[in-house]
Amino acid sequence: MKQIELNDQIFELLLSSDKINEINTRLASNLNTDYEGKDPIILSVLDGSFMFCADLLRKLDFQHLFKFVKISSYTGMESTGEIKIETTLDLDLQGKEVLIIEDIVDTGRTMTAFVKYLKQKGAVDIKICTLLFKPEAIQSKPNLDYIGIEIKNEFVLGYGLDWDYRGRQYPDIYQLKKP
Ligand code: IMP
Ligand code: MG
C-alpha cells in the first residue's frame with residue numbers, strides 16, 4: 001500500500017517492511033557484537049514498540065532477561081510532556097546493565113525520564129535502541145546508542161505505532177501527508 005487513510009487524514013508510505021527488516025538486521029548485528037557474552041536486562045516500552053521488539057528479539061543471539069514496561073506520554077498527535085511509568089518494575093536493577101528498546105524518540109522526554117528512573121533503581125550501564133528518531137523534535141536529548149533511522153518531524157504510524165490506538169497493524173510505516 002502506497003498510502004492509507006485514517007480519520008480523514010492521508011498517510012504516505014515512509015518505510016516498507018523490507019526496509020524495516022534491513023534496519024532491524026543492522027541493529028541486531030550491532031547489538032550482537034556489543035552484548036556478546038553479556039546478559040543484560042532488556043526493557044521494551046509499551047505500547048508502540050511491541051512489533052519492533054518482537055522482530056528485533058528474534059535476531060538477538062546473546063542471553064538476556066526481557067520485560068515490557070508501560071510508559072505513556074502521548075494523546076492524539078501531541079506529546080503531553082507528562083510521563084507516566086505505569087509498570088511496577090519487580091526486578092533488581094542494582095548494578096545491572098539495561099538495554100531499552102523503543103519505537104520512536106520524539107521530544108526525548110520519555111527516554112530521559114525513564115533513564116533517570118532506572119538510574120535511581122541502581123542500573124549502571126543503560127543503553128537505548130530506538131527504531132526511529134526525529135532529531136528536529138528533540139527537547140530533552142537522551143544518549144541514543146542505537147538508532148534505526150532518523151526521520152522528519154512528521155507524525156508516523158504503522159508497525160506498532162498508533163494514532164489514538166489505531167493504525168498499529170500495518171507492516172510498513174506511514175507518515176502524515178501535509179496538505
Ligand atoms: P517522546 O517522549 O516525545 O520522545 O515520545 C515518545 C513516545 O511518543 C514514543 O514512545 C511513541 O510511543 C510516541 N510517539 C512519538 N512520536 C510519534 C509518532 O510520530 N507516531 C506515533 N507515536 C509517536
Ligand atoms: Mg514508544
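The legends below accompany close-up views of a predicted model.

Residues are numbered from 1 along each chain as its sequence is written, while chains are lettered from A and ligands numbered from 1 in the order in which they are written. Local features need a pLDDT of at least 70 and side-chain atom pairs count only at pLDDT 80 or more, whereas totals for chains, interfaces and linings use all residues, and side-chain values use heavy atoms, with hydrogens and water left out.

**View 1. The magnesium ion (ligand 2) and the residues that coordinate it.**
Glu-102, through OE, and Asp-103, through OD, coordinate the magnesium ion (ligand 2) at 2.3 to 2.6 Å. Donors here are N, O and S atoms within 2.8 Å of the metal (3.2 Å for Na, K and Ca), and water is not among the atoms, so sites may look incomplete. Glu-102 and Asp-103 are both buried, where buried means under 20% relative accessible area, exposed over 50% and partly exposed in between, with a 1.4 Å probe and protein chains only.

**View 2. An open sheet of four strands.**
The strands of this sheet follow the order 1-2-10-9 and pair in the antiparallel sense. Strand 1 (3–6) and strand 9 (156–157) stand at the edges with a single partner strand each, so one side of each has no neighbour in the sheet. Helices (H or I, at least four residues) and strands (E, at least two) are DSSP runs numbered from the N terminus, and two strands pair if DSSP finds at least two bridges between them. Strand 2 (residues 9–15) is joined to strand 10 (residues 173–176) by four bridges in the antiparallel sense, and the bridge partner of Glu-12 in strand 10 is Gln-175. Gln-175 is buried at 13% relative accessibility; with neighbours within four places in sequence left aside, its contacts include Ile-10, Phe-11, Lys-152 and Val-156, a contact being heavy atoms within 4.5 Å.

**View 3. The hairpin of strand 1 and strand 2, with Lys-2 before it.**
Strand 1 and strand 2 pair in the antiparallel sense over four bridges, and Ile-4 has Phe-11 as its bridge partner in strand 2. Two residues lie between these strands in the hairpin, and Asn-7 in the turn has a positive phi of about 45 degrees. In a regular strand the side chains alternate between the two faces of the sheet. In strand 1, Ile-4 and Leu-6 belong to the covered face, whereas Gln-3 and Glu-5 belong to the uncovered one. Lys-2, in the segment before strand 1, is exposed, with a relative accessible area of 69%. Lys-2 is in contact with Phe-11, Glu-12, Leu-13 and Tyr-174, leaving aside its neighbours within four places in sequence, and its C-alpha is 8.9 Å from that of Leu-14, a residue twelve places away in sequence.

**View 4. The largest nonpolar core and helix 2.**
A nonpolar core is a set of buried Ala, Val, Leu, Ile, Met, Phe, Trp, Tyr and Cys residues joined through side-chain atoms within 4.5 Å. The largest one has 25 residues, of which Leu-31, Phe-52, Leu-56, Cys-129, Leu-132 and Ile-173 touch the most other members. Helix 1 (17–34), helix 2 (50–57), strand 6 (97–105) and strand 7 (125–133) are the elements that give two or more residues to this core, and helix 1 gives the most, with five residues. A second, separate core of 20 residues includes Leu-43, Ile-71, Val-115 and Leu-118. In helix 2 the buried residues are Phe-52, Cys-53 and Leu-56. Seen down the axis of helix 2, these fall within an arc of 95 degrees, so they line one face of the helix; the arc is that of the directions from the helix axis to the C-beta atoms. Phe-52 touches, among others more than four places away in sequence, Asn-24, Leu-27, Glu-102, Asp-103 and Tyr-159.

**View 5. Two buried cysteines, Cys-53 and Cys-129.**
With a disulfide taken as a pair of cysteine sulfur atoms within 2.5 Å, the count comes to zero. Cys-53 is in no disulfide, and the nearest cysteine sulfur, that of Cys-129, is 9.6 Å away. Cys-53 is buried at a relative accessible area of 2%, and Cys-129 is buried at 0%.

**View 6. Thr-112 in helix 3 (residues 109–120).**
Thr-112 is partly exposed, with a relative accessible area of 30%. Its contacts, with neighbours within four places in sequence left aside, are Ser-140, Lys-141 and Pro-142. Thr-112 and Pro-142 are 30 residues apart in sequence, yet their C-alpha atoms are 5.2 Å apart in space.
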